[in-house]
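Here is a short tour of a sheet, the helices that lie across it and the shell around a ligand. Have the model open as you read.

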Amino acid sequence: MNYIQILKKGENFLKKKNIQNPYLDTELILSKVINREREEILLNINNKLNNIDLLKFQNYLIRRYRKEPIAYILGYKYFWKHKFLINKSVLIPRPDTELLIDETLKYLPIDKSKRILDVGTGSGCIVVSLLKERPKCTATAIDISKKAINVAKTNAKLHQLENKINFINIDIDKYKSNYYDLIVSNPPYISEIELNRLEDDIKFHEPKVALSGGHDGLRDLTKVIIKSKKLLKLNGKLIIEIGYKQKYQCIRILNKYGFYVNKISKDFSGRDRCVISTKL
Ligand SMILES: C[S@@+](CC[C@H](N)C(=O)[O-])C[C@H]1O[C@@H](n2cnc3c(N)ncnc32)[C@H](O)[C@@H]1O
């Protein structure tokens, strides 16, 4: 079979399961198998796959057919301006989280060396993106998952930041080192009810520890706020991603624990997504 036939077959196969972008995913899988950019497929559309590669292609396609997210199959995801290696122990970086980067950069002057803490670093996409933009800053990134910390370390190395970021495998509850200028976090914030309603791609494949924020979704958000009060310098900034229905609850918790809410930013879909606050 040549590439045209393979792409057509793959697309039809994924369509049966209502996969959202069946052609694109098939093309991405083929480009992984032949280890070439997607553009090169188009330029060599009459090329054929050898038997070993055909088997590989079929295996990846079946994984996608079973609703495994394409990013896990490919082993990477682009976020902000960079490529991040990922596996099933970390959340797939989301475009919405780029808003957190946009907002956070406004509080990190390019010529200043600020101390940053990233709580729940996962793949390390937030802390790596921030330090790439602000080379004078240093950071600590923590995560309760040891496997996630390993992925984040790999990404820091990939982007030559391994000497700038201190990675620690710890629960935010137990973390004590303080005097940060800025804390950033995308905590798990999905409630139990919402968790059950998530698409199969997410529900059955992404790590629960990265998604579930307890029965009301606010468990880890609250932990981060309470702990940030102790870890931040006076006037330090806490910048967090929230679920789009959590704005008022989040403001209430922030005010209760001594934070002033500066701003709430909306994501690409116009939903409240990022809360910027100051420790009073
Ligand atoms: C929503 S994911 C965010 C991952 C990454 N920062 C991103 O934006 O793609 C939340 C992360 O918080 C971590 N986490 C959950 N509970 C935690 C806790 N109590 N202390 C530290 N990290 C925690 C999870 O392991 C997961 O990696």
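## Helices, sheet and ligand shell

Helix α8 (residues 146-158) lies across β4 (138-143) and β5, running at about 165° to β5. This is a predicted model, in which local features need pLDDT of at least 70, side-chain atom pairs count only at pLDDT 80 or more, and totals for chains, interfaces and linings use all residues. Residues are numbered from 1 along each chain as its sequence is written.

Helices (H or I, at least four residues) and strands (E, at least two) are DSSP runs numbered from the N terminus. Axes are lines fitted to C-alpha atoms, for helices over the stretch in contact (C-beta atoms, placed from the backbone, within 7 Å), with angles from 0 to 180 degrees between N-to-C directions.

| Helix | Lies across | Angle |
|---|---|---|
| α8 (146-158) | β4, β5 | about 165° to β5 |
| α12 (219-231) | β3, β6, β7, β8, β9 | about 160° to β7 |

How are the strands ordered in the open sheet? Its seven strands run β5-β4-β3-β6-β7-β9-β8, with mixed pairing (a pair needs at least two DSSP bridges). Because β5 (165-169) and β8 (259-266) each have a single partner strand, one side of each is left without a neighbour in the sheet. The twist averages 15° from one strand to the next. Within the sheet, β3 (115-119) and β6 (180-185) pair in the parallel sense over four bridges, and Val119 stands opposite Ser185 in β6.

Now to the ligand: 25 residues surround it (C-beta atom, placed from the backbone, within 6 Å), and the closest are Gly120, Gly122, Ile172, Asn186 and Ala210. Two or more shell residues come from each of α7 (125-133), β4, α11 (208-211) and α12.

Technical notes: Two residues are in contact if their C-beta atoms, placed from the backbone, lie within 7 Å.
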